[in-house]
Structures are given as C-alpha cells and as structure tokens.
Amino acid sequence: MIADNTKKFEGRADVYEAARPAYAEPLFDLLCGCYGFEGKKIADVGAGTGKFTRSLLQRGCEVYAVEPDIDMRRAAEERLAGQSGFHSVCGTDANTMLPAASVYAVTVAQAFHWFDAAAFRAECRRILYGKTVAIVYNSRTESALHEAVAAVNRTCCPGFSGFSGGITEQRISDFFGEKFEQYHFLNDVILDEEMFIKRNLSSSYAPRRGDAQFAEYVFALRKIFDVYARNGRLLFPMETRAYIGEP
C-alpha cells in the first residue's frame with residue numbers, strides 16, 4: 001500500500017462506522033455456498049472499521065482483519081473484539097503480517113483502489129493456501145442524486161476523482177487476468193438528512209470540520225437532500241459488486 005494512503009481515513013472512523021452501509025446479504029450466501037468460506041480462515045485486508053469482517057464472522061468465518069490505520073482498527077476492535085474468530089492485525093496490502101499459506105481466502109471491501117495491485121497480488125499468493133480473492137464494493141448506481149453530489153464534490157473536494165476512488169473494472173480485470181467472476185446485488189439504503197450528510201463526510205476526499213470548504217460542502221449537501229428527499233427520507237441507490245477469482 002502506498003504510504004500516504006494508510007492515513008486517508010485518519011480521524012474519520014466514527015463517521016465511517018455510523019454512515020457506511022452493510023454489504024448485501026446474498027453476497028455472503030454466495031461466498032459460503034459457492035466458494036466455501038464458512039468456517040474457514042479469511043484475511044480481510046483494508047478492513048477499516050470491520051463492516052465486511054462483521055458479516056464474515058456472522059457466517060462462522062475466522063477473520064484476520066488487516067488494517068493499517070489505528071483509528072479504524074480500534075473502531076473494529078471496540079465492536080468486534082468479543083466475537084469468536086476475530087483477529088485484529090496491523091498490516092497493509094503489501095505486508096499483511098500473516099504467515100505464509102495461512103488463510104483460505106482473501107477479501108478486500110471498499111479499499112482495492114488504495115492498493116498497489118502488484119504488491120497485493122504477491123502478498124495474496126504468499127498468504128493463501130486456497131485460491132480465492134474477493135474484491136467488493138458498495139457502489140452508487142446511476143441516478144440524478146449521485147450526479148448532483150458528484151458536482152458538489154468536484155467543486156468542494158480537490159481530492160475527488162470519482163466515487164470509490166474512481167476504481168475501474170479494467171484495473172480489477174488486470175489484477176485477476178482471465179480468472180474471475182463478477183456479481184451484482186441490489187443494496188439501496190434509505191437515509192435521513194443526518195445520515196446522508198455523514199455518508200458523504202465519511203469519504204476520504206470530503207472536507208473536514210475546520211476546513212475552509214466544510215460549511216459550503218455541508219450546505220450544498222443539505223440543499224440536495226431537500227430536493228430528493230420525501231417525508232424526511234432519501235433513497236440512496238446502491239449495489240454491492242463483487243469480483244471473485246484467483247490472483
């Protein structure tokens with residue numbers, strides 16, 4: 001992992017945990033039913049606050065949640081430390097700190113765009129005794145709402161390069177080569193105004209409180225909410241996308 005990227009979410013753990021949605025449950029049915037995850041040792045790399053880790057634990061997996069950011073890792077530990085099979089690991093995509101041939105599969109949710117793909121591929125091959133890597137995203141689907149938010153991001157967020165870091169399917173395809181499958185699961189969420197604001201502030205490129213553009217950004221988001229919400233609730237169109245194959 002590029003060194004600077006390990007600090008991208010520093011100080012955002014609370015808002016990330018509060019506002020980021022869970023991943024579509026049918027994905028975990030697929031991982032357990034078709035890919036044999038249930039009861040196995042899994043490395044969840046770039047685990048953040050443990051959103052994806054939590055669902056793997058609920059399916060009986062033993063999970064090594066690998067995360068370099070101390071705030072994000074502590075948030076996961078606070079919520080998951082009491083669960084059987086949870087292991088918190090300070091590591092990166094290029095150095096997970098796990099022994100060779102120690103895990104059945106590797107997952108990476110909402111983080112692959114931060115990775116050095118070649119270094120991550122080599123690390124996956126080193127730590128796997130199985131052969132499966134799952135790259136997963138909760139992705140915004142095309143909508144006028146998301147187009148409006150993107151326009152505000154381009155104005156207020158200098159680091160904005162597209163949602164999910166501007167990740168492309170070509171980059172994922174290059175990582176796997178020919179050996180992968182892709183799956184899409186509907187995962188729309190309903191947000192009130194507070195959670196809509198927090199969801200956008202949880203992004204790495206969003207201005208932080210005290211930044212010059214923070215007030216402008218939040219004001220613009222509130223205006224968008226007013227346009228698209230009905231009875232104080234807003235439909236946030238999303239899908240969970242999974243790319244599963246051999247590194």
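**Exercise 1. Work out whether H113 is buried or exposed, and what surrounds H113.**

*Solution.* Start with accessibility: H113 has 17% relative accessibility, so H113 counts as buried (under 20% relative accessible area; exposed is over 50%, partly exposed in between, with a 1.4 Å probe and protein chains only). The structure is a predicted model, in which local features need pLDDT of at least 70, side-chain atom pairs count only at pLDDT 80 or more, and totals for chains, interfaces and linings use all residues. Residues are numbered from 1 along each chain as its sequence is written, and side-chain values use heavy atoms, with hydrogens and water left out.

Next, place the residue: H113 sits in the loop between strand 4 (103–109) and helix 5 (117–127). Helices (H or I, at least four residues) and strands (E, at least two) are DSSP runs, numbered from the N terminus.

Now list the partners. Leaving aside neighbours within four places in sequence, H113 is in contact with Y137, S164, G165, I167 and R171 (contact means heavy atoms within 4.5 Å). With Y137, the side chain of H113 also makes a polar contact of 2.8 Å; such a contact is a pair of N or O atoms within 3.5 Å, where one must be able to donate a hydrogen and the other to accept it, and residues adjacent in sequence count only if both atoms are side-chain atoms.

**Exercise 2. Find which residues of helix 8 are buried and what they pack against.**

*Solution.* First, go along helix 8 (residues 193–201): its buried residues are F196, I197, R199, N200 and L201. Then look across to their partners, which include helix 1 (13–19), strand 5 (128–140) and helix 9 (214–228). Finally, check the N-terminal end, which D192 caps through a side-chain oxygen 3.3 Å from the backbone nitrogen of E194.

**Exercise 3. Describe the lining of the second largest cavity.**

*Solution.* Begin with the residues: Y16, R20, P21, Y23, K51, Q110, N138, R199 and M238 line this cavity. R199 is also among the buried residues of helix 8. Sorting the lining by class gives 4 nonpolar, 2 polar and 3 charged residues (Ala, Val, Leu, Ile, Met, Phe, Trp, Tyr, Cys and Pro count as nonpolar, Asp, Glu, Lys and Arg as charged, and the others, Gly among them, as polar). On a 1 Å grid over the protein atoms alone, a cavity is a set of points where a 1.4 Å probe fits but cannot get out, and lining residues have an atom within 4 Å of a point.

**Exercise 4. State how many helices and strands the protein has, and how much of it is buried.**

*Solution.* Count the elements: there are 9 helices and 9 strands. Then turn to burial: of the 247 residues, 55% count as buried.

Terms used. On a 1 Å grid over the protein atoms alone, a cavity is a set of points where a 1.4 Å probe fits but cannot get out, and a pocket is an open set with protein on both sides within 12 Å along at least five of seven lines; lining residues have an atom within 4 Å of a point.
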